[in-house]
Amino acid sequence: MSNRTVLISGAGIGGPTLAYWLARHGFAVTVVEHAETPRSSGNPVDVRGRAVHVAERMGALPRLHEAATGATGLTFVNATGKRVGRMDMRAMQQPGEVELPRGDLASILYDTSRGHAEYLFDDSIATLDQDEHGVEVTFVNAAPRRFDLVIGADGLHSMTRRLAFGPEGGLVRHMGLYVATTPLGGQPKPGRDVLMHNTPGKAVAVHPAPSGDLAFFLYRSPAEPGFDHRDTAQHKRLLTSAFADVSWRAPELLAHVRTTDDLYFDSVSQVRLPRWSTGRVALLGDAASCVSLFGDGSTLAMIGAFTLAEELAASPDDPQAAFRRYESSHRLLVDPKQRAIEQASAVIVPATRLGILARNTATRLWPAVAAATQLKRMFSRPRDVADQVR
């Protein structure tokens, strides 16, 4: 099978995981990534359920736990910093599950896979031209090459999806939210709560992490005309405008935003496609089915990568059949997550003062286990035997 070549676009979460497992099955894998190095910023994310077993079999699980944020709970505070509600994050985790910064997860998966695949950083796909037997690919920088298969694992704004399935407009749905994170630095202090302050339609938080605290912003807004996910100056203007009237630590954190060169900012959006493959091109992770925001995208990308590699190995001479089996199986996990976005956002960023009060009151009245059980239900995974990696 060593002559079967696969190009993966994207060195985030799904791309390196898929590269590792395809190489283990004998495929020759190349990963192209437009960034110069693995991205260091982004939201804290979770590795849950079956993704824990994927990481364990890759030998990466100990490093994931070393990079864990150490957050013990989510404490809601008022404008003066007084606690008004709390959720126990540890009660929501199953054994082995871990929350860590997205950049750390990406770096660990890259380190685990780079000995098994060729990586091309600071480059991206320019054109795709497929026929019955393969795909001709031109790159922005590298010389043209031909591959048996191309997999787009290049995120919400996937260039692979754009080239193979059409413009973003009809496939990406803005969910009425924008999210931003930026590292604050300082001395790491593990074993602390995330502190969050809400005003109607807005949330600002400080999240502990091994390398120092992270600032987190989330706010409700219609789609911004002319929004460019790569325009950092625009992002800073939007963020400072949205939180100009918010107190607590918001002024201090916005001052940091104005001077930082490491800011992640994007629309909270969903990707919905009738099919995740066309011919010899398929999509993985957020490129195929972005669930957005609440940490599960990384878990789903890792599970999807493992499933896709297994299916391609099962029928290497019929990739279209493998793509169909992968999609049929993985949609059972993705679809419930996409349906839960409105419930989840109501907890984190209530739209009204009454909603904030109701959320805070509920966290004080529910016993910790009951509150955790309720949240688990909102983010629940389908219960099936396939939730273990064989």
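## Strands, helices and salt bridges in a predicted model

Strand β4 (residues 73-77) and strand β13 run parallel and are joined by four bridges. Please keep in mind as you look around that this is a predicted model. Within the pairing of β4 and β13, Thr75 stands opposite Leu195 of β13. On β14, Leu195 has Val206 as its bridge partner. The pairing of β13 with strand β14 (residues 202-207) is antiparallel and extends over five bridges. These two strands form a hairpin with two residues between them, and Gly201 there adopts a positive phi near 80°. How much of β13 is covered? Strand β13 (residues 194-199) is mostly covered, with five of its six residues buried.

### The six-stranded sheet

Let us turn to another set of strands. An open sheet of mixed pairing is built from six strands, in the order β7-β2-β1-β11-β18-β17. Which strands stand at its edges? They are β7 (118-121) and β17 (277-278); each has a single partner strand, so one side of each is left without a neighbour in the sheet. For β7, the pairing with strand β2 (residues 28-33) is parallel and made of four bridges. Here Glu33 stands opposite Phe121 in β7.

### Salt bridges

Side chains of opposite charge can pair when their charged atoms come close. Over the whole structure, a search finds 15 salt bridges. Three of the pairs are set out here, with the N to O distance for each.

| Salt bridge | N to O distance |
|---|---|
| Arg114 and Asp111 | 3.9 Å |
| Arg145 and Glu118 | 3.1 Å |
| Arg331 and Glu327 | 2.8 Å |

What does the pair of Arg145 and Glu118 tie together? Arg145 belongs to strand β10 (residues 145-147) and Glu118 to strand β7, so the salt bridge ties together parts that are 27 residues apart in sequence. Arg145 is partly exposed, at a relative accessible area of 30%, and Glu118 is partly exposed too, at 33%.

In the pair of Arg114 and Asp111, Arg114 has 47% relative accessibility and counts as partly exposed. Asp111 also counts as partly exposed, with 30% relative accessibility.

The third pair sits within one helix: Arg331 and Glu327 both lie in α10 (residues 319-339), four residues apart, which is about one turn of the helix. An α-helix has 3.6 residues a turn, so residues three or four places apart point the same way. Is Glu327 buried or exposed? Its relative accessible area is 10%, and since buried means under 20%, Glu327 is buried.

There is also a network of salt bridges, which links Asp46, Arg48, Asp296 and Lys337.

### Helices

How do helices α1 and α4 pack? Helix α1 (residues 14-24) meets helix α4 (residues 102-113) at an angle of about 20°, and their axes are 8 Å apart. Angles under 35 degrees count as roughly parallel, and α1 and α4 are therefore roughly parallel to each other. The crossing in which α1 passes α4 is left-handed.

Finally, have a look at helix α11 (residues 341-348), whose buried residues are Ile341, Ala344, Ser345, Val347 and Ile348. Where on α11 do they lie? They are on the same side of the helix, because they cover an arc of only 155° around the axis.

How values were computed:
Residues are numbered from 1 along each chain as its sequence is written. This is a predicted model: local features need pLDDT of at least 70, side-chain atom pairs count only at pLDDT 80 or more; totals for chains, interfaces and linings use all residues. Side-chain values use heavy atoms; hydrogens and water are left out. Buried means under 20% relative accessible area, exposed over 50%, partly exposed in between (1.4 Å probe, protein chains only). The arc is that of the directions from the helix axis to the C-beta atoms. Two strands pair if DSSP finds at least two bridges between them. A salt bridge is a side-chain nitrogen of Lys or Arg within 4 Å of a carboxyl oxygen of Asp or Glu. Axes are lines fitted to C-alpha atoms, for helices over the stretch in contact, and angles run from 0 to 180 degrees between N-to-C directions. Angles under 35 degrees count as roughly parallel, over 145 as roughly antiparallel, 65 to 115 as roughly perpendicular and the rest as oblique. A crossing is left-handed if the near helix is turned anticlockwise from the far one by less than a right angle, and right-handed if clockwise.
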